[in-house]
Amino acid sequence: MMMKHVTVVGAGQMGVGIAHVCLESGFQLTLTDQNEAQLSKAREKIASKILNVISNLTITSSPDFTKTDLIIEAIAENLEIKKAFWGQVNPAPHTILASNTSSYSITDMAMMTCAPERFIGIHFMNPVPKMTIVEVIKGINTREDVYQDAIAFVKALSKTPVTVKDSPGFVVNRILIPMINEAAFILEGGIATAEDIDASMKGAAGHPMGPLGLGDFIGLDTCLAILNDLHARFKNDKYKPCPLFKSYVEAGHLGRKSGKGFYNY
Ligand code: NAD
């Protein structure tokens with residue numbers, strides 16, 4: 001299918017990034033969120049970066065899902081909220097339905113939609129404009145042509161698709177998130193300061209960001225949700241979240257997006 005119009009649902013850090021790269025690659029784009037304040041912030045962020053393609057952009061709190069070729073859901077990493085969203089979407093018969101989930105089962109979410117065979121995982125990395133890899137995840141019911149269209153879409157954004165089986169955390173977060181969790185346990189144990197833990201991994205392993213800074217960048221609510229999903233589905237305590245995540249999330253310290261996390265911003 002020749003895709004022209006993409007609708008991104010959720011105007012948080014990922015939704016805005018995905019909208020940004022779609023606009024730069026010539027797609028018509030609708031960006032939506034349940035939170036009007038997020039939509040205003042998103043409009044400012046996008047306008048400050050890509051003035052020339054703003055004519056292709058619609059920002060609205062009431063999108064028409066029958067008029068789009070691809071819906072990319074990038075709402076908060078909460079399975080119940082995602083399922084509730086997908087359960088009420090009425091797309092056109094050709095529309096591809098995609099989730100940017102970091103971990104949840106694509107097959108499970110697909111079953112909430114009116115078209116599980118048109119549902120797929122398209123998992124962008126953060127920050128979307130800079131990161132080159134996108135994980136593409138087929139659910140059990142995903143049609144082959146839908147998968148091929150998703151691969152073509154990722155390539156049209158000048159990114160490299162990596163095909164991954166529908167498994168908790170897929171590839172990237174199954175490796176990354178336990179590392180961030182371990183760093184949080186090290187901090188909690190008083191083994192080293194946050195600054196020294198991050199400096200160690202930058203200076204010794206060559207990582208561009210330290211694990212705690214990265215956790216703040218991803219969002220501690222998102223990290224906790226991914227750890228809970230890995231822990232629950234693999235039934236392996238190696239994924240048990242460090243209690244610091246729960247405390248910080250309960251306190252509203254979600255990382256960069258709230259101004260406070262392992263660090264203050
Ligand atoms: P975020 O908290 O920055 O934004 C989430 C947005 O979803 C908010 O603007 C919120 O208002 C909106 N929202 C919540 N419920 C909604 C609903 N029912 N309808 C419409 N909008 C709704 O989160 P994020 O970091 O952008 O993450 C979004 C998704 O992308 C999650 O599934 C996350 O796991 C995934 N993801 C995140 C990262 C990362 O580094 N943060 C990387 C890859 C994938």
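In the predicted model, the charged end of K138 is placed over the ring of Y147, at 4.8 Å from the centre of that ring. The lysine counts as sitting over the ring because its NZ atom must lie within 6 Å of the ring centre and within 35 degrees of the ring normal.

Contacts between aromatic rings were examined separately, and a search of the whole structure returned 7 aromatic pairs. In one of these, the ring centres of F65 and F85 are separated by 6.0 Å and the ring planes meet at 75°, so the arrangement is edge-to-face, given that angles over 60 degrees are assigned to that class. F65 belongs to the loop between β3 (57-59) and β4 (70-73), whereas F85 is part of helix α3 (residues 79-87), so the pair ties together parts that lie 20 residues apart in sequence.

Both partners fall under the 20% limit of relative accessible area that defines a buried residue: F65 is buried at a relative accessibility of 12%, and F85 is likewise buried, with a value of 10%. F85 also forms an aromatic pair with W86, again edge-to-face, in which the centres are 5.0 Å apart and the angle between the planes is 65°. W86 is itself buried, its relative accessible area being 1%. These three residues, F65, F85 and W86, form one aromatic cluster together with F119.

Methods
Residues numbered from 1 in each chain as written. Predicted model: local features only at pLDDT ≥ 70, side-chain atom pairs only at ≥ 80, totals over all residues. Heavy atoms only, no water. Phe/Tyr/Trp six-rings, centres within 6.5 Å; stacked < 30°, edge-to-face > 60°. Helix = DSSP H or I, 4+ residues; strand = E, 2+ residues; numbered from the N terminus. Buried < 20%, exposed > 50% of the residue type's maximum accessible area, 1.4 Å probe, protein only.
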